[in-house]
Number of protein chains: 2
Amino acid sequence: MRLVTIHEVARNAGVSIGTVSKVLNNQGQLRAETRLRVRAAAELLGFRPNDLARSLHRKRTFTIGLVSSDRFGRFSIPLLEGIEDALDSARVAVFLCKPTDDPAHERRHVESLLAKRVDGLIVTSRRTDPRPPLDTLGTSVPVIYAYAQTAGAGATCLLADDEGGGYLAGRHLVGLGRTRIAHITGPERFAAVRERRAGLSRALAGAQVPLDPRLASTGPWSEAWGREAVGRLLDAGPPFDAVFCGSDQIARGVADCLRERGLNVPDDVAIVGYDNWEIVAAATRPPLTTIDPCLHELGQAAASRLLAMIDGDHGPAATRHVVRLPCRLLVRASCGGGSSLKTADRAA
Amino acid sequence: MRLVTIHEVARNAGVSIGTVSKVLNNQGQLRAETRLRVRAAAELLGFRPNDLARSLHRKRTFTIGLVSSDRFGRFSIPLLEGIEDALDSARVAVFLCKPTDDPAHERRHVESLLAKRVDGLIVTSRRTDPRPPLDTLGTSVPVIYAYAQTAGAGATCLLADDEGGGYLAGRHLVGLGRTRIAHITGPERFAAVRERRAGLSRALAGAQVPLDPRLASTGPWSEAWGREAVGRLLDAGPPFDAVFCGSDQIARGVADCLRERGLNVPDDVAIVGYDNWEIVAAATRPPLTTIDPCLHELGQAAASRLLAMIDGDHGPAATRHVVRLPCRLLVRASCGGGSSLKTADRAA
DNA sequence: AAACCAACGGAAAAGCTTTTCCGTTGCAAA
DNA sequence: TTTGCAACGGAAAAGCTTTTCCGTTGGTTT
């Protein structure tokens, strides 16, 4: 695969390689006729400048590494697409890399990325709980944590605002007049679980609606858990007219169980899910009103910020930033209620 | 981010840069003591050879491009992971790139990948139907189509064996003694739909079981369609004791509807799904026996083959290869039946 | 003691582009 | 006609590594 070099273009156009370079980069003082001739030669030969040589010289590769400390899953995808979106317009390419949780493996990948002289790194994970800081092996490549965070000092972390999401859900439900609100969510050990609950509490407190602890339960992030938990409440719990679920999967289980028990959603019980996992939320009967963590936007934001850090070179690297991006309430049918709220409603 | 170069290591170790290179690549004739000294200096300074310079010289970047003509979705993920798996051990990194369906956009991406001198390209898409060949802009980079195909002459395409998958499903059902088998699947225009049906027919024909056309219906790839289609059969169709579904989503709809109509799965009706989309198949009540297209393996195979093409340089590039990789029957509970079959059963 | 060989490691080219610095060339001004 | 300037484009270095080809050095062989 012998590729055309700038030398051949130069020879073909009867100029020096420096001139070719100038033409192709719109630099220097050249006659229009010369530019045309060189361009024609380049076109004819199908010349494509070698980015390796170019980057070697410019000390910038227009390349970043995405290290996802977890398997690619439903959270990584919108994130990834957001990142691609933002980078694509800056003509920056992304190296994918999927280390396992094994730190040695991660290290090896970072090593390889650094050898390739990526301009920056984005770290993501499935869980939003703190992870050990990425070891950049003594270099000072800009790093940004997207939908991931670390306790490290100078780290910039972009997260979804789980507390705000919980608040949005709560406010929506009380706004619709619900007063006995159950909360069925994931394992207590997840920070997201605790924060979403805090947001819910804040919303209810603001409306003088009590949060009955007997109506709150934690368990796995699964449909089966949703069915089981709501079944228990129906069997032995106090009455309730709404359920805020920790995930759309849980919400789906809740909806299925309620329907099978003869209850109507949303008339008897309103449901708010979490994640806006389209394929689940839209297929549920009725389709789920849910909290959308806006991961696409989060990905875009992460990428833009990284780009800024790369350009700024010596940005505010020393200070730690944890930024929470707002979630969005996406109204479908599971709460009834106005299409007036739509998606415009954002957390503070 | 001034990085350490081989010169600094050389100075530090009191040798020439050539010697450093030899040490780090285990080449040449050097005293053990020298090797040690150089290694120590490199370690001390945290030297990391610049892959740009290295690749420039070696004419090999250990980098490939993954162009996914479709959004990253549930099919791309296992594929991607398989690819990563195979490439990781060869220490090859992958550039992600997600052109839209716009050919100009795709072209721009390929352009950029070629400028980065990727050693090869993998093309994937969500649908398995033929796509236009990837324009490699006059170069001869090895290209492989994974879970995608093109009519182009010298193309190598790796696909899942849909016909074989349909056959597996059919054989499993007749093996369990089912004789009135319905088929609810996706839109007719998908090649996969037609091929899976052909496989089903072959299996039934082999067992002298008729395929009643009144029991076959096509529609969207959705749960709702599964519910609707099976509902219609219950209302107005001939009796049936099994349903082979075109996707797990459809199968889930079928299972939900049957249960709600008071029928037992698998006692009254057995169900086989398609895709082994874990999160759906395992959450269905009962968990779905399904056809697993083995996309992880397909990804691995695609990557290994690409690697071989890269190494072989002038491989069998001129001939067209379309390879169908076998699917696997994954037994859960929706057909009852033996755990004896398990996953060992593969298409011919 | 002369000749030779093995072991060791240095010098330099190659790989491809960008960019700075200068040298020409042609024309206008004095 | 000479001087000067602007426009144009070439030469060469820089960016970093790998690899080939040689030159030294010290010891062995006869």
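Trainee: Which residue places a polar side-chain atom 3.0 Å from a base oxygen of DNA strand D?
Mentor: This is a predicted model, in which local features need pLDDT of at least 70 and side-chain atom pairs count only at pLDDT 80 or more, while totals for chains, interfaces and linings use all residues. Residues are numbered from 1 along each chain as its sequence is written, chains are lettered from A and ligands numbered from 1 in the order in which they are written, and side-chain values use heavy atoms, with hydrogens and water left out. A polar contact is a pair of N or O atoms within 3.5 Å; within protein, one must be able to donate a hydrogen and the other to accept it, and residues adjacent in sequence count only if both atoms are side-chain atoms. For the base oxygen of DNA strand D, the residue at 3.0 Å is B:His57.

Trainee: How far is the polar backbone atom of B:Ile6 from a phosphate oxygen of DNA strand D?
Mentor: The side chain of A:Lys59 has an N or O atom 3.1 Å from a phosphate oxygen of this strand. For the backbone of B:Ile6 the distance is 2.4 Å.

Trainee: What percentage of the DNA strand D atoms within 4 Å of the protein belong to sugar or phosphate?
Mentor: A residue is near a strand if one of its heavy atoms lies within 4 Å of it. There are 27 residues around DNA strand D, and A:Ser16, A:Thr19, A:Lys22, A:Thr34 and B:Ile6 come nearest. Bases make up the rest of the strand's atoms within 4 Å of the protein, and the part from sugar or phosphate is 68%.

Trainee: Which helix gives the most residues to the surface near DNA strand D?
Mentor: Helices (H or I, at least four residues) and strands (E, at least two) are DSSP runs, numbered from the N terminus. Helices H2 (17–24) and H4 (51–58) of chain A, and H1 (6–13), H2 (17–24) and H4 (51–58) of chain B, each supply at least two residues. With four residues, the top contributor is H2(B).

Trainee: On the DNA strand C side, which residue has a side-chain N or O atom 2.7 Å from a phosphate oxygen?
Mentor: Two backbones also approach phosphate oxygens of DNA strand C: a polar backbone atom of A:Ile6 at 2.4 Å, and a backbone N or O atom of A:Asn50 at 3.3 Å. The side-chain pair at 2.7 Å belongs to B:Arg31.

Trainee: Why is chain A described as more spread out than a compact globule, and what is its radius of gyration?
Mentor: Chain A has 12 helices and 14 strands. The globule rule (2.2 Å times the number of residues to the power 0.38, with the radius taken over C-alpha atoms) gives 20 Å for 348 residues, and chain A is more spread out than a compact globule because its value is well over that. Its C-alpha trace spans about 90 × 40 × 35 Å along the principal axes. The radius of gyration is 26 Å.

Trainee: Is A:Thr284 buried or exposed, and what is its relative accessible area?
Mentor: A:Thr284 sits in the loop between helix H11 (278–281) and strand S12 (289–292) of chain A, and a polar atom of its side chain is 2.8 Å from the backbone oxygen of A:Val280. Leaving aside residues up to four places away in sequence, A:Thr284 touches A:Arg252 and A:Ala255, where contact means heavy atoms within 4.5 Å. Buried means under 20% relative accessible area, exposed over 50%, partly exposed in between (1.4 Å probe, protein chains only). A:Thr284 is buried, at 2%.
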